[in-house]
Amino acid sequence: MSVRVRFAPSPTGYLHVGGARSALYNFLFARGRDGVFILRSDDTDTARSTDEYRQDIIDQMQWLGLDWDEGIVKGGPHGTYRQSDRFERYAEVAHGFVRSGHAYYSFATASQLDDFKKRAREAGTSPAYDGSLEPTQDQVSRLLADGQTAVVRFRVPRPGSTTFHDLVRGDVTFDHTQVDDFVILRSDNSPTYHLASTVDDVDYGITHVTRGEDILSSTPKHILITEAMSATVPVYAHLSLLMGPDGKKLSKRHGHTAMAAYREAGYLPEAMNNYLALLGWGASEDDDDIVSMDDMIRRFDLADVSRNAAVFDTKKLDWMNGVYIRAMDPEAFVATTVPLIEHRLGHTLGEGELDRYKQIAPHVQERAKTLAEVAPQVDFLLGDLDEYDEASWEKVMLTPEAPIALDAAAGALADIEDWKTDAIDVALRAMLEEHGLSARKGLQPIRVAISGSTVSPPLFESIEVLGRDTTLARIAGARSRIDG
RNA sequence: GGCCCCGUCGUCUAGCGGCCUAGGACGCUGCCCUCUCAAGGCAGUAGCGCCGGUUCAAAUCCGGUCGGGGCUACCA
């Protein structure tokens, strides 16, 4: 049977990095096996689901390049792939279960259930509701006729237990004393996650369910429902959760968890995928952590996924992103960063500005860890230099060498005929020689004078791009500020 | 509290009874290169949670213990 997998986020929040990793693993598994990858919207929680979240999930999935074969937006043989469009189907299954005895109407109140749990805790026994409050057939008829609202609960067979072979965890067994008679249909006739998700997995022919470990203990419920539908139970694989740097479950407390935030911060989708893939999967075939999507697809197997929870470490992501930025085609780098620069500047780059940027871009590309840090680094080349970094100024401009270097540089640069990096290089080094200045001592004041900071793209190239007039004006400006 | 999952350098991992005086990557430190910062090169730092057991031999198997995580909703 061909592989059919799905990523089924619920639009009750933005797509977060953990969800993206689940999506990626499903994607890799499907692509490596000639399977079908489905994107489904598990939006049974109508109160918390929003269109904004629905759209975010779609946007981020597309940005990451995790194309799906069937699903929301795209469609397919199973309709809209939105659970909110299939409530009748779930209700039909639930009522069928009532008729077949797999489920029953329940009128148990919250306080009754709380009571049950409280007693269980005191007795040290399982807190899972065991169905002891199930009404008789007569009571059901009477209460329903009375207009009482009821939920439909699945009747978990007890005694009993469910065992399944998890692809990443191995055999897992849950005794049914630990599984409650769970609600499958709410009193407003809407389905719960357990019902809708399982019915969809059955109806859509899902063969492998790969999802977060947070649902591991709900899996017996899903298996029980599947069996009650006389369907084939899919293979399950539960991924460990992502943690923050402090070893606690990754949350907003740790900074960004939303995929969109990383996109805005200037991370490349290729880097994100590579990093996420390695977060819980030993991809290395040759000890190289940089793995192309094609290789990931070729090598990936759920059986090789790590069982331990992984810490989302932005340090390694930063490094990896730098690797991918450097690997970009120079023209593509310019194309993707120009809009960011224009956004920062507040206007479209003119021809001259664009030319200047193109000249310096390769040097910036070499140094960037994220796309977002590019624009600030070229500010001094495209706009006025209206302020100096104070720490930089104090560090190099207050030395006795600074005024000497600045004056000498102004003279040397004024005489250059061919305003090119090479000539500038030669002229400035001759100046250093003449005044007995080290490159470090003599050039840093010039760097601060023209860029405002001790950190900048290469000096000679920057000077060339800046042009003679601007360069000399800035040197003069810095010189007078020293005196001032 | 009950049940389930997990436990190799700070972090991600390799390891699946002898090849391990535990390998790689990120980070960190030092050196080299160098006009700053990066990049690059080289070197270094640091780990099998603990206690028992099985075995000629354990990071690898078993038990316990400790620690972390998850679930325990008419959320997903």
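The surface near RNA strand B is made up of 22 nonpolar, 20 polar and 26 charged residues, where Ala, Val, Leu, Ile, Met, Phe, Trp, Tyr, Cys and Pro count as nonpolar, Asp, Glu, Lys and Arg as charged, and the others, Gly among them, as polar. The model is predicted, so that local features need pLDDT of at least 70 and side-chain atom pairs count only at pLDDT 80 or more, whereas totals for chains, interfaces and linings use all residues. Residues are numbered from 1 along each chain as its sequence is written, chains are lettered from A and ligands numbered from 1 in the order in which they are written, and side-chain values use heavy atoms, with hydrogens and water left out.

In total, 68 residues surround RNA strand B, and the closest are T44, K117, R169, R186 and R447; a residue is near a strand if one of its heavy atoms lies within 4 Å of it. Of the atoms of RNA strand B that come within 4 Å of the protein, 73% belong to sugar and phosphate. Helix α18 (residues 439–451) supplies the largest share of this surface, five residues; helices (H or I, at least four residues) and strands (E, at least two) are DSSP runs, numbered from the N terminus.

The table lists polar contacts, each a pair of N or O atoms within 3.5 Å; within protein, one must be able to donate a hydrogen and the other to accept it, and residues adjacent in sequence count only if both atoms are side-chain atoms.

| Protein atom | Partner atom | Distance |
|---|---|---|
| Q178, side-chain N or O | RNA strand B, sugar or linking oxygen | 2.9 Å |
| R447, polar side-chain atom | RNA strand B, base oxygen | 2.5 Å |
| S456, backbone N or O | RNA strand B, base nitrogen | 2.7 Å |
| S453, polar side-chain atom | V455, backbone nitrogen | 2.9 Å |
| D181, side chain | V156, backbone nitrogen | 3.0 Å |

S453 sits in the loop between α18 and α19 (459–466), and it counts as buried because its relative accessibility is 18%; buried means under 20% relative accessible area, exposed over 50%, and partly exposed in between, with a 1.4 Å probe and protein chains only. Leaving aside residues up to four places away in sequence, S453 touches D389, S392, R447 and V448, contact meaning heavy atoms within 4.5 Å.

D181, in the loop between β7 (170–175) and β8 (183–185), is likewise buried, at 2% relative accessibility. With residues up to four places away in sequence not counted, its contacts include Y104, Y129, D130 and R158. The peptide bond from R158 to P159 is cis, with omega near 0 degrees, and P159 is placed in the loop between β5 and β6 (161–166).

Helix α4 (residues 110–123) has 14 residues, and its buried residues are L113, F116 and A120. Seen down the axis of α4, these fall within an arc of 55 degrees, so they line one face of the helix; the arc is that of the directions from the helix axis to the C-beta atoms. The cover over these buried residues includes β5 (151–154), while the face turned away from the buried side carries the exposed residues A110, S111, D114, K118, R121 and E122.

Most residues other than glycine have a negative phi, and most peptide bonds are trans. Phi of D34, however, is positive, near 60 degrees, and D34 is exposed, with a relative accessible area of 74%. Y81 also has a positive phi, of about 60 degrees, but this residue counts as buried at 0% relative accessibility.

Note on methods. The expected span of a helix is 1.5 Å times one less than its number of residues.
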